[in-house]
Amino acid sequence: KDLDELYAEAESAMTEFAELMRKVTVESGIDPDAYPLVEGDRISKDGLERKGLTVAPLKARERAAKKINKVCDGNFKRVLDFVRCSIIAETEGQLVGVLERMLKLKVVVRLVNRFKNPVQTGIREVIMNVRVGGHLCEVQLHLAPIFKEKASMHVFHEDFCEMFSWSSEPYGELFKRVEAIGSVGSGTG
């Protein structure tokens, strides 16, 4: 397959993916069209208020090209989020409900539990790659109170990934090196 074929495949999977994610969110007690609340406030990210389910448009070619070159060693087949969505659960029960339903459907081919192993920038979520219509799609599953914090931290996460995407060194080791530099520069080391 070439990149154009992959985009065509992704586009054909969009409707089925959106319908499946809507069904799973509703069955898990999440209103896909409602705005989750944290302490009475709606959650926003990048200036946009977020709903229980947000199905993103196809990944823009410019963003895909950047990811292919920076993260995927030039291999466009390693980009797994041409088709993607974000689900925000207000309760742990809803979050578990989504996970259980997705696993029961036997569409999950990869699951990353960042609640158990958060990234160094503190982001906690579940990332699933699911096969829909022959295409791999990404589901980001969030807990509302944590997502609210993620929204303010995401710029740091993206900057961090951008700075260190060239390195095969684990993020934890990179952080130690950055902290050591900070200590030396501040006169405390």
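Start by selecting helix α3, residues 92-104, in this predicted model. Its buried residues are Q94, L95, G97, V98, L99 and M102. Now show what surrounds them: the cover includes α1, β6, β7 (108-113), β8 (126-132) and β9. While you are here, check the helix from end to end. It has 13 residues and spans 18 Å from the first C-alpha to the last, close to the 18 Å expected at 1.5 Å a residue. Step just past the helix to K106, where phi is positive, at about 60°.

Next, colour strand β6, residues 84-89. How many of its six residues are buried? Six of the six are, so β6 is largely enclosed by the rest of the structure. Turn the strand over and you will find both faces covered. R84, S86 and I88 lie on one side, while C85, I87 and A89 lie on the other.

Now bring in the strands that pair with β6. Strand β5 (residues 53-55) runs antiparallel to β6 and is joined to it by three bridges. To find your place there, look for V55 opposite C85. Strand β9 (residues 135-143) runs parallel to β6, with six bridges between them. Here A89 of β6 faces L143 of β9.

With those pieces on screen, display the side chains of F17, M21, I87, M102, M128, V130 and V139. These have the most contacts inside the largest nonpolar core, which has 29 residues. At least two core residues come from each of α1, β6, α3, β8 and β9. The largest share, eight residues, is supplied by α1. Zoom in on M21 to see some of this packing: leaving aside residues up to four places away in sequence, M21 touches L53, C85, I87, M102 and V139. Then move to a second, separate core of five residues, which includes I43, I88, A144 and F147.

For the last stop, select Y7 and F82. The model has one aromatic pair. Which arrangement do the rings of Y7 and F82 take? Their centres are 4.8 Å apart and their planes meet at 70°, so the pair is edge-to-face, as angles over 60 degrees count as edge-to-face. Y7 sits in helix α1 (residues 3-27) and F82 in the loop between α2 (61-70) and β6, so the pair ties together parts that are 75 residues apart in sequence. Both partners are covered: Y7 is buried at 7% relative accessible area, and F82 is buried at 0%.

Technical notes
Residues numbered from 1 in each chain as written. Predicted model: local features only at pLDDT ≥ 70, side-chain atom pairs only at ≥ 80, totals over all residues. Heavy atoms only, no water. Phe/Tyr/Trp six-rings, centres within 6.5 Å; stacked < 30°, edge-to-face > 60°. Helix = DSSP H or I, 4+ residues; strand = E, 2+ residues; numbered from the N terminus. Buried < 20%, exposed > 50% of the residue type's maximum accessible area, 1.4 Å probe, protein only. Pairing = 2+ DSSP bridges. Expected span 1.5 Å × (residues − 1). Contact = heavy atoms within 4.5 Å. Core = buried A, V, L, I, M, F, W, Y, C linked by side-chain atoms within 4.5 Å.
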